[in-house]
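Q: Hey, can you walk me through this structure? I'm new to this, so plain words please.

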Amino acid sequence: MSSQEVSPTLSAGETRQPGRMAMTAVNFTGATIERIAVQTPVQTRLRNAKYTRGLSDRGIAWLFITPTIALLLAINIFPLIWMIRLSFTSLNLSMSYLPLRFVGLENYSDILTDDDVWIRLQTTARFVICSVALQVVIGFGLALLINRQFRTHSFWTTIILLPMMLSPAVVGNFWTLLFQPQIGPFNYVIGLFTGIPPSSFSMTGEVALAPWTIVLVDSWMWAPYVMLICLAGLRSIPDYIYEAAEVDRASSWRQFWSITLPMVMPFLMLAVLFRAIENFKMFDMVNLLTSGGPGSTTELVSITLKRAAFEKWQTGYSSALAIILFVTVFGAANIYVKVLNRVKQR
Amino acid sequence: MTAAAKSTAHSVVEASPRVKGFAGAFVVLYAVVAILPLVWIGATAFKSQSDAIAYPPKVIFQPTLEGYVNLFTVRTRQTSDFIASLPPATTWYDKLVRNHDMVIAGPSKVVPRFVNSLVIGFGSTFLAVLLGTLAAYAFSRFRIPLADDLLFFILSTRMMPPVAVAIPIYLMYRQLNLTDTKIGMILLYTAVNVSLAVWLLKGFIDEIPREYEEAALVDGYTRLQALRKVVLPQAVTGIAATAIFCLIFSWNEYAFAVLLTSGDAQTMPPFIPFIIGEGGQDWPAVAAATTLFVIPIVLFTIVLRRHLLRGITFGAVRK
Amino acid sequence: MRKSETGKWSKWMGGALTLFAGVALTALASQPAAAQGKQLTLCWAAWDPANALVELGKDFTKESGIEMKYEFVPWTSYADRFLNELNSHGKLCDLIIGDSQWIGGAAENHWYVKLNDFFAKEHITMADFVPATVLGYSEWPKNTPNYWALPAMADAVGWTYRKDWFSRPEIQAEFKKKYGRDLAPPKSYAELKQIAEFFQGREIDGKKVYGAYIFTERGSEGITMGVTNVLYNFGFDYDNPKKPYQMQGFVNSPDAAKGLEFYKELYKCCTAPGMTNAYMQEGLDAFKSGQVAMQMNWFAFFPGLYKDPNVGGDKIGFFVNPAGPKGHFTQLGGQGISVVATSDHQEDALRYIKWFAQPKVQQKWWEIGGYSALKTVVDAPGFPKSAPFAPQFLESMAIVKDFWAEPSYAQLLLDMQKRVHDYVVADKGTAQQALDLLVKDWTKVFKEQGKEVMVQ
């Protein structure tokens, strides 16, 4: 085909089945196009096409890209650079009458030697790992079940999708009502099924339970996300492979391990990547559900950052923390994408 | 599927009715359990204040529209004598409020907040889709140097925690007098959305065969005319889908909104969790606000079902 | 979709999108209507007294013709929102009723207008106000005659209790049998704990009730404002009275640790379930729904509670924060009203303050639900009878003690929130450890602020 540039690194799972590029996927509007398509041969006459009236191709390309890049530079990159500079200062907005000092790497060393910060990072890591794992299990499981294509499955799929479409902040807020030991239904339902008295435990208030509570609510919201992706992966596996396996009399279990799992793996990994990034950034849902409590057991690193930056107004310190977080996530995502690409190549 | 596959009872390709039944049962069970919290919240919107915080929680209750009325009004508590001295209540909501020894003192802020959500949501979506379409077209059709890196850079701008990004933006906006302005929020959301828009639209535009443009170019159209007459009409579905995804992000966004707005430009997500009643949160009003706020998104989800997968994975996965 | 449908649908979507974009941009471009006539914006927290102030403000508008606009924010976001506003030199507020602890930051950062000259000109003397309120709400540096606010809302932590339960003969009899004394509002924390234990889990009117409600909120200032009521009375002090900022041995003395342990014991033994992040509103909920026998809360809410149809009137009683082994104090609340330095209407704002300081306005303020700090109001002979909680209020205002009001107050507060909540609710470490870590935290903050901190 014509000059198709290298597909970007993240187009995983792109199952370009032969013949896909045909007309079926394209919508025709207007008679003009049909006329052109019918009358003019579709052979590439690129050479002629490059020299058109008006702006040259290169001009247009840059004209089209520049606003986007400029906006991103202004809103993302310039502030990032400013933040790097701030991270070397002692700026505190609530004590702006104090003279501004350049403190070099003091903020960074403060952060990296602070036990509390490491604990927050651990809390965040545990949250990311547990929630993504749970979502993968539930999502993949649901996808496998839905893939059986029982009747009304598309209706129920839509129902399952609903939690995902809510604002995480609003979700965190109303789950505090649902988790109230006295007035919320959650404890009562658990009490109904297990006989544990509803007022004897508090999902958001107990040290042992709170970390699992945030995992639970997050998975309630996002397991459908993983489910959708796995569903796409499952549906991309051509039937003939399964048929061939049938002919070879492979058991269903064997088929699952050798066919289904490997072919869905790139999709799963993509889902894991996106969910992990999102949960690393998580702030709104957890802040409204537990305020990082009890104590600091569910205080994710974004919550610490928000408190340092917007409640204590320690701008310099929090800038350093933000830079550290960015480097961490960027580095991790980079590594992961490379692994993902290698899996995709298989 | 071949006939042979269809007839095999144990084929993985087409499950047996028994397997389908089991699968169906599990999925329905999960769906029902997963939807229950939302049903509870929807019901809470129709409870009275005391029913909403009753213990044990009430499953059967007398429905009332108090939650919705409380959401839209600001009330003050008065003594019964004072209320008796007022002219009699005319509208149904006045009567409802008077029953609790309260008087409506004016409209609440929910409508301006909802309008803010609309304005900021649609404004940033429009800009993001506009910029995104142009950039996506360029990435798709032209050989841009370092295209891969640029695209990854565009994607990576979404990896930063919003709280982190908000720190310098807050300072920047203070200098530029953009804090708590709709324009400031629109700019910010556009910048965040444009990454999603570029990735999605590139995927959509990639799927449009180049032959049509090239034919148009051969016919003497300029690039821009080819873009307008040939590509855009075919990309409209993709553009619409992208627009809705950008809208959903701006609609539900909380971190930037709560840190950078407080009044004029405040949207619904920072507003809803702080709807306070007389003591504690006004849960029926909060539930009412949640319900109203989610309706557009639910509608969009149903409209968007075909493109949902593509949208939530930045265009990386297409059905 | 078929060809024609697609065309129509896409055209429709395109049209809708453009329409909405147009609406959005137009709404954006339209400026809000310019304010007609004179106007002042007053910023405060959203609670009962604020509603009362709105009522009161109508008199001001009648007298002066200046319209009052209000910006009220829930307590949980009050500090965030307005410190943010002040920080950014915003123009939203002309008058602000800022929390007492902000006074240091406000003075040093020149957020408020200094009022000394204004008071002198208008013959407003600080001696006319309750000394504790002048110290707490107006002065910075403390104990110097530099005034940055007029005491507007006198407040302190107090307690309410279910008088109707306390007066039931069978309950009284059982209590007397168990503890050998009459059931009455507690005068010491030991007594309070006994009463709380007595009521914990008891069945009253067919429902299980609990002993006490105390502050445990993590996010803003809740648990600190609760625990200090106990700490002060067990011997906790912020620093050496003779040597400012020397905290070692005063913040983390063994007595202070005992006080912190007591608060935790009270929390664990005698409170309602699920109160792990509870502050003012949850307390009102718990008390009004009949869940607890005694409630810790701010006096500001007592007028509303007294009027409550379910638990007010004869059913409710009030008592002062009980004493401890080493002292009798209660946590100061309340705010002063200040003029924001970046306001464009300072003249009008000062006029409001002058009007507000008048004795007759202060009297009306007390009557409609606010708490005046003017001596002529609270020292009037009829005052103790004017409301069932008035005597307790008077007593409390005489024994108030406040948190740090330093410019770095937010950091000091958040450090204490963390350490106390970690220990009391999240069971982390011991009380002594929590307080030791707190001293470390606070030392760091003060060093940043440039204070000489003695650490031994």
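A: Sure, one term to start with: helices and strands here are DSSP runs, a helix having at least four residues and a strand at least two, and they are numbered from the N terminus. Also keep in mind that this is a predicted model.

Q: Okay, so where does Pro141(C) sit?
A: Pro141(C) is in the loop between α6 (131–138) and β4 (150–153) of chain C.

Q: And what kind of peptide bond joins Trp140(C) and Pro141(C)?
A: A cis one, with omega at about -5°.

Q: Let's switch to salt bridges. How many are there over all chains?
A: The count comes to 36.

Q: Give me one. What does Arg141(B) form a salt bridge with?
A: Its partner is Glu213(B), and the closest N and O atoms are 2.8 Å apart. The pair links distant parts of the chain, 72 residues apart: Arg141(B) belongs to helix α7 (residues 110–141) of chain B, while Glu213(B) belongs to helix α11 (residues 210–218) of chain B.

Q: Are Arg141(B) and Glu213(B) buried or exposed?
A: Both of them are buried.

Q: What about Arg81(C), which side chain does it meet in a salt bridge?
A: That would be Glu71(C), at 3.1 Å from N to O. Here a helix is linked to a strand: Arg81(C) is in helix α3 (residues 75–87) of chain C and Glu71(C) is in strand β2 (residues 67–73) of chain C, 10 residues apart. Arg81(C) and Glu71(C) are buried too.

Q: Got another? Which side chain meets Glu265(C)?
A: Lys193(C) does, in a salt bridge of 3.4 Å, N to O. Glu265(C) lies in helix α11 (residues 254–270) of chain C, and Lys193(C) lies in helix α9 (residues 189–199) of chain C, so this pair also links distant parts of the chain.

Q: Why does Glu265(C) count as partly exposed?
A: Because its relative accessibility is 40%, and partly exposed covers what falls between under 20% and over 50%. Lys193(C), at 17% relative accessibility, counts as buried.

Q: Which residues do salt bridges that share partners join into one network?
A: Asp116(A), Lys418(C), Arg419(C) and Asp441(C).

Q: New topic: where is Arg307(A)?
A: In helix α13 (residues 301–310) of chain A. Arg307(A) is buried, with a relative accessible area of 8%.

Q: What is Arg307(A) in contact with, leaving aside neighbours within four places in sequence?
A: Residues from chain A, including Asn287(A), Ser291(A), Glu299(A), Lys312(A) and Trp313(A), and from chain C, including Arg218(C), Gly219(C) and Leu414(C).

Q: Now the outside. Which residues form a nonpolar patch on the surface?
A: Phe22(B), Phe26(B), Leu29(B) and Val33(B), with about 440 Å² of accessible area together. Of these, Leu29(B) is found in helix α2 (residues 17–44) of chain B, and Leu29(B) counts as exposed because its relative accessibility is 53%.

Q: Last thing, the backbone. What phi does Asp180(B) have?
A: A positive one of about 60°, although Asp180(B) is not a glycine. You'll find Asp180(B) in the loop between α9 (162–176) and α10 (182–206) of chain B. Asp180(B) is buried, with a relative accessible area of 17%.

Q: And what about the phi of His123(C)?
A: His123(C) has a positive phi of about 55°, and it isn't a glycine either. His123(C) lies in the loop between α5 (116–122) and α6 of chain C.

Q: Is His123(C) buried or exposed?
A: His123(C) counts as exposed, because its relative accessibility is 70%.

Definitions and conventions
Residues are numbered from 1 along each chain as its sequence is written. Chains are lettered from A and ligands numbered from 1 in the order in which they are written. This is a predicted model: local features need pLDDT of at least 70, side-chain atom pairs count only at pLDDT 80 or more; totals for chains, interfaces and linings use all residues. Side-chain values use heavy atoms; hydrogens and water are left out. A salt bridge is a side-chain nitrogen of Lys or Arg within 4 Å of a carboxyl oxygen of Asp or Glu. Buried means under 20% relative accessible area, exposed over 50%, partly exposed in between (1.4 Å probe, protein chains only). Contact means heavy atoms within 4.5 Å. Patches are made of residues with over 30% relative accessible area and no salt bridge: like charges are joined within 9 Å, nonpolar side chains (Val, Leu, Ile, Met, Phe, Trp, Tyr) within 5 Å. Accessible areas come from the Shrake-Rupley method with a 1.4 Å probe; for residues, only the protein chains shown count as cover.
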